[in-house]
Amino acid sequence: MKFFIDTAEVAEIAEFNDLGLVDGVTTNPSLIAKSGRDMVDTIREICAMVRGPVSAEVTAIDFAGMMAEAEKLRAIAENVAIKVPLTEAGIKACKALSDDGADVNVTLCFSAAQAILAAKAGAAFISPFVGRLDDIGQDGMGLIAEICDIYDQYDFSTEVLVASVRHPMHVVEAAKLGADVVTVPAKILKQMFKHPLTDKGLDAFLADWKKTGQSIL
Ligand code: E4P
């Protein structure tokens with residue numbers, strides 16, 4: 001299972017990159033806005049830090065506009081993946097860009113029917129948003145199971161990228177389902193380290209070690 005980090009904050013990417021946990025990065029217009037930085041500069045900086053795919057999202061909603069933006073984004077670095085929304089124009093752009101050798105991440109997927117369209121259009125990644133489905137009382141992880149089952153029956157090369165992750169159990173459930181990628185906000189990556197028995201056990205070991213008066217070095 002690949003771990004992407006869902007952020008446009010270079011400091012967060014650097015922190016988890018140092019831990020060897022970052023296989024790629026996903027950004028979106030909201031994350032770029034939150035960073036307060038120029039999008040092209042930010043994507044360029046992230047691409048230099050991370051070897052894997054860095055998703056940069058188009059903001060045009062028509063095919064020609066998406067293609068023009070994609071051309072500019074692809075010129076930033078070889079590891080840019082073009083993120084397009086799951087609309088008719090987005091799927092058309094996905095097909096054209098994929099045929100031209102680009103990695104395309106089709107985003108804002110909320111149904112298995114949409115995921116089939118993205119795979120047919122040659123997407124490198126389909127991004128179903130589990131948290132936003134859960135937010136409206138639908139079963140986000142159920143959608144991941146459905147898409148994994150469907151893709152397994154064909155030779156689609158599209159990877160299932162679990163997005164809109166809200167807590168560590170989403171990551172665990174995605175792993176149990178065999179999803180290819182999960183994109184995780186830094187806050188949730190940090191939560192994944194945590195267990196009260198780990199802290200309690202470490203405190204006890206250190207207290208006992210202190211009593212011995214020894215030093216390993
Ligand atoms: C990633 O590609 C998505 O843009 C992101 O996971 C959306 O997450 P959110 O629902 O928390 O905004």
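A search of the whole structure, which is a predicted model, finds 10 salt bridges. Three of these pairs are described here in turn.

Glutamate 15 is paired with lysine 190, and the closest N and O atoms of the two side chains are 2.5 Å apart. This pair links distant parts of the chain, as glutamate 15 belongs to helix H1 (residues 10-18) and lysine 190 to helix H10 (residues 186-193), 175 residues apart. Both partners fall in the intermediate class of accessibility: glutamate 15 is partly exposed at a relative accessible area of 36%, and lysine 190 is partly exposed at 41%.

A salt bridge also joins lysine 83 to glutamate 57, with a distance of 3.7 Å between the closest N and O atoms. Lysine 83 is in strand S4 and glutamate 57 is in strand S3 (residues 54-57), so this salt bridge ties together parts of the chain that are 26 residues apart in sequence. Lysine 83 has a relative accessibility of 4% and therefore counts as buried, the limit for that class being under 20%. Glutamate 57 is likewise buried, with a relative accessible area of 10%.

The surroundings of lysine 83 can be described further. Strand S4, in which lysine 83 lies, covers residues 80-85. When residues up to four places away in sequence are left out, lysine 83 touches Thr26, Thr27, Asn28, Ser55, Ala56, Glu57, Val58, Asn105 and Thr107. Its salt-bridge partner, glutamate 57, is thus included among these contacts.

In the third pair, arginine 166 forms a salt bridge with aspartate 135, and the closest N and O atoms are 2.6 Å apart. Arginine 166 is located in the loop between strand S7 (159-162) and helix H9 (168-176), whereas aspartate 135 is in helix H7 (residues 130-135), so the pair ties together parts that are 31 residues apart in sequence. Arginine 166 is partly exposed, with a relative accessible area of 38%. Aspartate 135 is exposed, with a value of 53%, since the exposed class begins over 50%.

For the protein as a whole, 20 positive and 31 negative side chains are counted, and the centres of the two sets lie 5 Å apart. A patch of negative charge on the surface is formed by Glu146, Asp149, Asp152 and Asp180. Of these residues, aspartate 152 is found in helix H8, which covers residues 140-152. The relative accessibility of aspartate 152 is 65%, so this residue counts as exposed.

The surface also carries a nonpolar patch of about 440 Å², made by Trp209, Ile216 and Leu217. Isoleucine 216 is in the segment that follows helix H11 (196-212). With a relative accessibility of 77%, isoleucine 216 counts as exposed. The protein exposes about 11400 Å² in total, and carbon and sulfur atoms supply 55% of that area.

Backbone geometry was also examined. Most residues other than glycine have a negative phi. Leucine 108 has a positive phi, near 60°. This leucine lies in strand S5 (residues 104-109) and is partly exposed, with a relative accessible area of 31%. Serine 164 also has a positive phi, of about 60°, although it is not a glycine. Serine 164 is placed in the loop between S7 and H9, and its relative accessible area of 9% puts it among the buried residues.

Another loop, between H7 and H8, contains glutamine 138. Glutamine 138 is partly exposed, with a relative accessible area of 46%. The C-alpha atoms of glutamine 138 and alanine 179 are separated by 19 Å, and the two residues are 41 residues apart along the chain.

At the level of the whole protein, the secondary structure comes to 11 helices and 8 strands. The C-alpha trace spans about 70 × 35 × 30 Å along its principal axes. Of the 217 residues, 45% are buried. Among contacts with a separation of 6 or more, residues 24 or more positions apart account for 56%.

How values were computed. Residues are numbered from 1 along each chain as its sequence is written. This is a predicted model: local features need pLDDT of at least 70, side-chain atom pairs count only at pLDDT 80 or more; totals for chains, interfaces and linings use all residues. Side-chain values use heavy atoms; hydrogens and water are left out. Patches are made of residues with over 30% relative accessible area and no salt bridge: like charges are joined within 9 Å, nonpolar side chains (Val, Leu, Ile, Met, Phe, Trp, Tyr) within 5 Å. Accessible areas come from the Shrake-Rupley method with a 1.4 Å probe; for residues, only the protein chains shown count as cover. A salt bridge is a side-chain nitrogen of Lys or Arg within 4 Å of a carboxyl oxygen of Asp or Glu. Lys and Arg count as positive and Asp and Glu as negative; His and the chain ends are not counted. The place of a charge is taken as NZ of Lys, CZ of Arg, CG of Asp or CD of Glu. Helices (H or I, at least four residues) and strands (E, at least two) are DSSP runs, numbered from the N terminus. Buried means under 20% relative accessible area, exposed over 50%, partly exposed in between (1.4 Å probe, protein chains only). Contact means heavy atoms within 4.5 Å.
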